[in-house]
Amino acid sequence: MTRVAIPELDPTAVFDVTVEDGHFSGIRPVGERTAEDPATPELWPGFVETHAHVGLPANFDDSLEDARIVALQYLYSGVTHVVDMFGFPLVKDVWEQGRAESALPYPELVHCGYAATAMTNAAGLTGHGVEFPAPVHMIATETDLEHAIRSNVERGGTFLKVMFTDGTEQPGSPVKFSRLSRRVLEFTARIAAERGITAVIDCNTLQETRWAYECGFRLFAHTVRDRTLDAADWKEFEGARFVSTLAGLRTMIMTGDEFRAEYGREGFAETQDLRNREFSQSIEKPYGIEFGCQETRTAALADMRRNALATLHEGKLLIGTDSGNTGAYHGYSFLSELDLLRGDDASLTEPLRRQATVGGRRYFDELSGDPRGTHPLSVGAAATYNLHAPGRPLSALPLRTVVRGVPIDRQAVARTIAGLRAAGADRKEES
Ligand SMILES: [Zn+2]
């Protein structure tokens, strides 16, 4: 590959790149990147989805997409690494068998097994997570946590996901779940650290995030959603990182027209079940109105976006979606997330792409327990990357996606998905 831009390595140069046996064998600057050649494609590592639920139902009828289709939906969108934030063991067998039989490469995946959450409290509220079809571990003692960690490790989980939020989105909105006590938070952070297991915690509010931080947590599965943090608030969160999850939470407040626009981009028809598009366009009033949370969710998303962007320039933002929530489709919604974060601020394009790729990869490696910190664009690293046309929206499909040296034929991916659907692989009812 000759004369590609690699802004991550040097924004002023163009490079020649060679690949051998699936790995970069040469990345050499060969000239200046000039304004006269604005069409030079940009090479970035593959996208990393940092907050997915591969085993939760994104379809509007609550049916679960076959994991083999999910894998290819990610591939189609240029997402080459996926962090599953609980639930993967539900679909692990199908995913692994699919990967073994697939002519197309699968994205790489790390998962936590099942999440850890609070016990049912005296008011009868359960810990966040038990409302999903994936089991969670309810913990109250150190032994409960030891058990949760052991069984997750046995299932292939490499990090710990802790559910802390009580479900409050905005001041005055209802408490939905029970919450872990300070004592449980403290021993959870401590034991995870002792074991060398990275822990990610699910918080909604500033207060929850503050408590979790005080107890030792530094990785947050969402940004704060009950207010926009100011400079003094940010001082409290030195070293913390946050995952953006706008795409997965926005479907609650969208109108039929907004769904029409959202599901009208390239790649939807090729990868997703069109029944979802038909259904969503018929939604006359958003779910948020039906469930009485339209205003709070709208405000929460605006706070979350501002809080996400506040961390972007320090490299503390991780791009994720909460895909697996209703209407947040695997792969497709990752590209939506980038547009939602960027809004109309062109200066965010490059930092967002960097966090969606290089920043995400560092996080992926950390969660997988790989301490090497290999730069994904270095000689010897796996040749897994996307080529992007400059000037197109962040949500545009990459010009080309290459996984471990194998160029992905997007049409072949679409055909394979269609074939799996025709063979009845989609929409398995939950059992
Ligand atoms: Zn989630």
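The radius of gyration used here is taken over C-alpha atoms, and the rule for a globule is 2.2 Å times the number of residues to the power 0.38. For the 431 residues of this protein, that rule puts a compact globule near 22 Å, and the protein has 21 Å, so the two agree. Please keep in mind that this is a predicted model. Welcome to the structure; the points below go from the whole chain to single residues.

**The overall picture**

- The protein contains 15 helices and 17 strands.
- Its C-alpha trace spans about 65 × 45 × 40 Å along the principal axes.
- Of the 431 residues, 46% count as buried.
- If you look at contacts between residues at least 6 apart in sequence, 73% of them join residues at least 24 apart.

**A sheet of three strands**

- One open sheet has 3 strands in the order 5-6-7, and the pairing is parallel.
- Its edges are strand 5 (47–52) and strand 7 (108–111), each of which pairs on one side only.
- On average, neighbouring strands of this sheet are turned by 15° against each other, direction ignored.
- Strand 5 and strand 6 (residues 79–84) run parallel and are joined by 4 bridges.
- To find this pairing in the model, start at F47, whose bridge partner in strand 6 is V79, and then go to A52, which stands opposite D84 in strand 6.
- Strand 5 is an edge strand, yet 6 of its 6 residues are buried, so the rest of the structure largely encloses strand 5.

**Helix 1 and its surroundings**

- Strand 5, helix 1 and strand 6 together make a β-α-β unit, and this unit is right-handed.
- Helix 1 is mostly covered, with 10 of its 10 residues buried.
- The buried residues of helix 1 include the nonpolar A71 and L72, and also R68 and Q73.
- The cover over these buried residues includes both strand 5 and strand 6, along with helix 2 (92–101), helix 9 (268–271), helix 13 (332–342) and helix 15 (410–422).
- After helix 1 comes G78, which has a positive phi near 85°.

**The nonpolar core**

- In soluble globular proteins, nonpolar side chains tend to be buried together.
- Here the largest nonpolar core has 94 residues, and among those with the most contacts inside it are A71, A115, L160 and A199.
- Helix 1 (residues 67–76) gives the most to this core, with 8 residues.
- A199 is a good place to zoom in: leaving aside residues up to four places away in sequence, A199 touches F159, L160, V162, T188, A189, A192, F217 and L219.

**Strand 13 and its two partners**

- Strand 13 (residues 241–244) points R241 and V243 one way, F242 and S244 the other way, and all of these residues are buried.
- Strand 12 (residues 219–220) runs parallel to strand 13, and 2 bridges join them.
- In this pairing, F220 stands opposite F242 in strand 13.
- Strand 14 (residues 317–319) also runs parallel to strand 13, with 3 bridges between them.
- Here V243 has L318 in strand 14 as its bridge partner.

**Residues with a positive phi**

- Most residues other than glycine have a negative phi.
- R3 is not a glycine, but its phi is positive, at about 55°.
- You will find R3 in the segment before strand 1 (4–6).
- R3 counts as partly exposed because it has 14 C-beta neighbours inside 10 Å.
- D62 is not a glycine either, and its phi is positive at about 70°.
- Look for D62 in the loop between strand 5 and helix 1.
- With 13 C-beta neighbours inside 10 Å, D62 is also counted as partly exposed.

**A residue on an exposed loop position**

- K285 sits in the loop between helix 10 (274–281) and helix 11 (287–290).
- A residue is exposed if 12 or fewer other C-beta atoms lie within 10 Å of its own; K285 has 10 such neighbours and therefore counts as exposed.
- K285 and T255 are 30 residues apart in sequence, while in space they are 6.0 Å apart, C-alpha to C-alpha.

How values were computed
Residues numbered from 1 in each chain as written. Predicted model: local features only at pLDDT ≥ 70, side-chain atom pairs only at ≥ 80, totals over all residues. Helix = DSSP H or I, 4+ residues; strand = E, 2+ residues; numbered from the N terminus. Buried ≥ 20, exposed ≤ 12 C-beta atoms within 10 Å, placed from the backbone. Contact = placed C-beta atoms within 7 Å. Pairing = 2+ DSSP bridges. Axes fitted to C-alpha atoms, helices over the stretch in contact; angles between N-to-C directions. Core = buried A, V, L, I, M, F, W, Y, C linked by C-beta atoms within 7 Å. Right-handed = clockwise from strand over helix to strand, strands pointing away.
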